[in-house]
Amino acid sequence: MYDAILAETVTMQGDGGDEIEAYLARPMSPGPHGGVVVLHHMPGYDIQTKEITRNFAAHGYNALMPNLYHREAPGAAPDDAAAAARAKGGVPDARLPGEVAGAAAYLRGLTSANGKIGVIGYCSGGRQSVLAAATVPLDAAVDCYGGMVTGAPPEGSVMSLFSPIKHLVKDVSCPLLGLFGMDDAYPSPEHVAELEQELKAHGKTFEFHSYEGAGHGFFSVNRPSYRPEAATDGWNHIFTWFGRYLSS
């Protein structure tokens, strides 16, 4: 089986038609392939999230990761860009839907696309994945330990950059998969339970998995928070989810 992939930096149109940097990874086979918009974690548009994007391509998806910090720090290293974005208050919620819609349009425009688009995000990107699912027409979404979907931010912490978006859950328009660590504080098990109740109240299609012994960032292979068993099981659920909703 021909399993080559192509990965490269591209330019896409984001919110307001602005041109922003993005990382594209796609199979070289003709397809048709589903598309995945990858939303990076708070540390930014880094090599680890690029590896995640390539992993989707290796599993048969066209995947695109917008650099959500491009406007704040074009060309900067991931850590510097993340610091610049935090100093300016983070990625505005009003801007995020336009970024995801632009990435979805880019993916649908590929000749190998089947027209179906999912979104996945980690950390702040997990929250943004839920936000995108509530504001952009999509076929599937995955929230990997996104804090501040529900709950309230601790005063003076970096989480205070974000406001809860529980009020938007009623507008989620696609099936949502959630992957969480039971040792996490944001989101805590109580925050996850609150989100679950809200999704149930509005009749949404969803599936949640929470892992004992795992905290925030358990997918991050380069961090002490990495939990291989939880991450491996999480990846299995992700590919099952996207296989169900993004296949031709």
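These notebook entries record what I looked up in a predicted model.

**Entry 1. The sheet**

I began with the strand order. The model has an open sheet of eight strands, and I read their order as β1-β2-β4-β3-β5-β6-β7-β8, with mixed pairing. I then looked for the edges: these are β1 (5–13) and β8 (206–211), each of which pairs on one side only. For the turn between neighbouring strands of this sheet I noted an average of 20°, direction ignored.

I next followed β1 to its partner. Strand β2 covers residues 19–27 and runs antiparallel to β1, with nine bridges joining the two. At one position of this pairing I found Q13 opposite E19 in β2.

**Entry 2. Helices across the sheet**

Which strands does helix α4 lie across? I listed β3 (33–39), β5 (113–122), β6 (140–144) and β7 (176–181) for this helix, which spans residues 124–135. Its direction is at about 135° to β5.

I made the corresponding list for helix α6, residues 228–246: this helix lies across β3, β5, β6, β7 and β8. Against β5, helix α6 runs at about 150°.

**Entry 3. Aromatic rings**

I turned to the ring pairs and recorded a count of 15 aromatic pairs. I examined one of them, Y211 with F218: the ring centres are 5.5 Å apart and the planes stand at 65°, so I entered the pair as edge-to-face. The angle decides this, because planes over 60 degrees apart count as edge-to-face.

Are the two residues buried or exposed? Y211 has a relative accessibility of 11% and counts as buried. F218 is buried too, at 0% relative accessible area.

I then traced the links outward from this pair. Both residues belong to a cluster linked by ring pairs, whose members are F56, Y61, Y122, Y145, Y211, F218, F219, W235, F239 and F242.

**Entry 4. Salt bridges around R71**

How many salt bridges does a search of the whole structure find? I noted eight.

I looked first at D18 and R71, whose side chains meet in a salt bridge at 3.3 Å, N to O. D18 is in the loop between β1 and β2, while R71 is in the loop between β4 (62–66) and α2 (78–87); the pair therefore ties together parts that are 53 residues apart in sequence. Both ends are partly exposed: I noted a relative accessible area of 37% for D18 and a relative accessibility of 25% for R71.

R71 has a further partner, E99, with the closest N and O atoms 2.4 Å apart. This pair also links distant parts of the chain, since E99 belongs to helix α3 (residues 96–108) and R71 to the loop between β4 and α2, 28 residues apart. I recorded E99 as buried, at 0% relative accessibility.

**Entry 5. A salt bridge within helix α5**

I then checked K200 and E196, which form a salt bridge with their closest N and O atoms 3.6 Å apart. Both residues are in helix α5 (residues 189–201); because they are four residues apart there, about one helical turn separates them. K200 is partly exposed, with a relative accessible area of 48%. E196 is likewise partly exposed, at 25%.

Finally, I looked for salt bridges that share partners. Such bridges join D18, R71, E72, R95 and E99 into one network.

How values were computed
Residues numbered from 1 in each chain as written. Predicted model: local features only at pLDDT ≥ 70, side-chain atom pairs only at ≥ 80, totals over all residues. Heavy atoms only, no water. Pairing = 2+ DSSP bridges. Axes fitted to C-alpha atoms, helices over the stretch in contact; angles between N-to-C directions. Contact = heavy atoms within 4.5 Å. Phe/Tyr/Trp six-rings, centres within 6.5 Å; stacked < 30°, edge-to-face > 60°. Buried < 20%, exposed > 50% of the residue type's maximum accessible area, 1.4 Å probe, protein only. Salt bridge = Lys/Arg side-chain N within 4 Å of Asp/Glu carboxyl O.
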